[in-house]
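Please take a moment to look over the sequence and the 3D structure below before reading on. The paragraphs that follow lead from one residue to the whole chain, and then to its sheets, its loops and a pocket.

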Amino acid sequence: MKTKNCLFGFLLMFAVLIAGSFYLPDVSDQIATENEIVAFADMTEESGGGETGGGEEASTDPVEQPEERYKVSVSVVGKGEVLISPNEEDFLKGTVVNVEVVPQDGWTLSSLEGVELDEENNFQIEENVTIVATFVANPIRLEDSESWVIIETTAEFVPVGTTLSVSKLQTEDPRYVQVKNRLSNPNQLVVYEITLKDGEDQALGQLGGNVKLKIKLDETFDASKKVNVSRFVLDTNENIDYGFAYEDGYVVIETNNLGFYTLSQNPGFKPASPSKDGTNKMTITLIVVGVSAVVAAIAVAVAVIVNRKKKY
């Protein structure tokens, strides 16, 4: 019996020892562990990565954006300039820019594109801008009151400040004689020396382009008959004929050269009158005139012979 009791006691002790080898966590231990984790997390957020730093919070300011800058370019057609103020390489968005347009003498601003200006010629920069200014040449009219020669052009071809110089050559002038001998024996001839001079009274050279040259038809000319308009070149003794139009008593040509200009006419020449079908009657008229002259000559000869016979 004693032996059974001892064996039972031994087994009981052995069972207690085995049960004590397994760890059952205490609830108080779990609470302590969670408190340590929370404390560690709080410390990390406040210190910015483990450092206390006096408990200050991390900065939340937005990142600064780069400045928006734009350019203003200028293009000019014609003669003039466009000034912008301030004159910078580029401009911060929202900058107010002033625009001044300065035409060259003899030119006028025709259009300004690419920007809308306020009453003070300002605009605000919101994007890249291209300003296109177009200038046009003003009309120029030069007139010589003595010879009635007129030149009409623009500052594009003739500089502003240019004056017109016209002299009418007299019959005794050797240049007049030289011109007349080169022409086909006109009964009427007017020779003008036409030049343009600058502000220092120096003759201009080649013109920059065509001018409209208007020469008053002299009273000695018959407007119903053919008129010749030509330019005589003294150096080469060359006579250049021009086609022309009548305009309010003037003959009008387009030319880019000045010099000696002539109006000439042979009053005995009559232009052919067109027939009903539009053909020219000149040949027929000349034949009729020729035949009439021959008949008249024969008649005169017969009359002379008859008179001689009567005397004898």
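Is Thr162 buried or exposed? In this model, which is predicted, Thr162 has a relative accessible area of 10%, and because the cut-off for a buried residue is under 20%, Thr162 counts as buried. Along the chain, Thr162 belongs to the loop between β10, residues 149-154, and β11, residues 163-168. Once the neighbours within four places in sequence are set aside, the residues in contact with Thr162 are Leu142, Leu196, Lys197 and Leu204. There is also a link within the reach of its own stretch of chain, for the side chain of Thr162 comes to 2.7 Å from the backbone oxygen of Pro159.

With that residue placed, it helps to step back to the whole protein. The secondary structure comes to four helices and 18 strands, and of the 312 residues in the protein, 25% are buried. If one takes the contacts with a separation of 6 or more, 61% of them are made by residues 24 or more positions apart.

A second residue gives an example of contacts across the sequence. Lys168 lies in strand β11, and with a relative accessible area of 43% it is partly exposed. In sequence, Lys168 and Val190 are 22 residues apart, while in space their C-alpha atoms are 7.4 Å apart. Val190 is also one of the residues that Lys168 touches, together with Val191, Tyr192 and Asp218, when residues up to four places away in sequence are not counted.

The strands can now be followed into sheets. One open sheet has three strands in the order β3-β5-β7, and its pairing is antiparallel. The edges of this sheet are taken by β3, residues 80-85, and β7, residues 122-124; each has a single partner strand, so one side of each is left without a neighbour in the sheet. From one strand to the next, the twist averages 30 degrees. Between β3 and β5, which covers residues 96-103, there are six bridges, and the two strands run antiparallel. To trace this pairing in the structure, one can start at Gly80, whose bridge partner in β5 is Pro103, and then go to Ser85, whose bridge partner in β5 is Asn98. On the pairing of β5 with β7, three bridges are found, again in the antiparallel sense, and Val97 has Phe123 in β7 as its bridge partner. When looking along these strands, it is useful to remember that in a regular strand the side chains alternate between the two faces of the sheet.

Another open sheet of three strands has the order β2-β8-β6, and here the pairing is mixed. Its edges are β2, residues 72-77, and β6, residues 107-113, and since each of them has a single partner strand, one side of each is left without a neighbour in the sheet. The twist in this case averages 25 degrees from one strand to the next. Six bridges join β6 to β8, residues 129-137, and these two strands run antiparallel; within β8, Ala137 is the residue that stands opposite Trp107.

Some details of the backbone also deserve attention. Most residues other than glycine have a negative phi, and most peptide bonds are trans. Against that background, the bond that joins Ser85 and Pro86 is a cis peptide bond, with omega at about 0 degrees, and Pro86 has its place in the loop between β3 and β4, residues 91-92. Trp148, in the loop between β9, residues 139-144, and β10, has a positive phi near 65 degrees, and at 44% relative accessibility it is partly exposed. Asp248, in the loop between β16, residues 245-247, and β17, residues 250-255, likewise has a positive phi, near 55 degrees, and its relative accessible area of 70% makes it exposed.

The last stop is a pocket. Rolling a probe the size of a water molecule over the atoms shows where empty space is left. The largest pocket has a volume of about 280 Å³, and 14 residues line it, of which Ser184, Pro186, Lys226, Asn228 and Ser264 are the closest to its centre. Three strands, β14 (228-233), β15 (238-242) and β18 (259-265), each supply at least two residues of this lining.

Notes. Residues numbered from 1 in each chain as written. Predicted model: local features only at pLDDT ≥ 70, side-chain atom pairs only at ≥ 80, totals over all residues. Heavy atoms only, no water. Pairing = 2+ DSSP bridges. Axes fitted to C-alpha atoms, helices over the stretch in contact; angles between N-to-C directions. Buried < 20%, exposed > 50% of the residue type's maximum accessible area, 1.4 Å probe, protein only. Polar contact = N/O pair within 3.5 Å; in protein donor to acceptor, adjacent residues only side chain to side chain. Contact = heavy atoms within 4.5 Å. 1 Å grid on protein atoms, 1.4 Å probe; cavity = no way out; pocket = protein on both sides within 12 Å on 5 of 7 lines; lining within 4 Å. Points joined across faces, edges and corners; volume = space filled by probe spheres on them.
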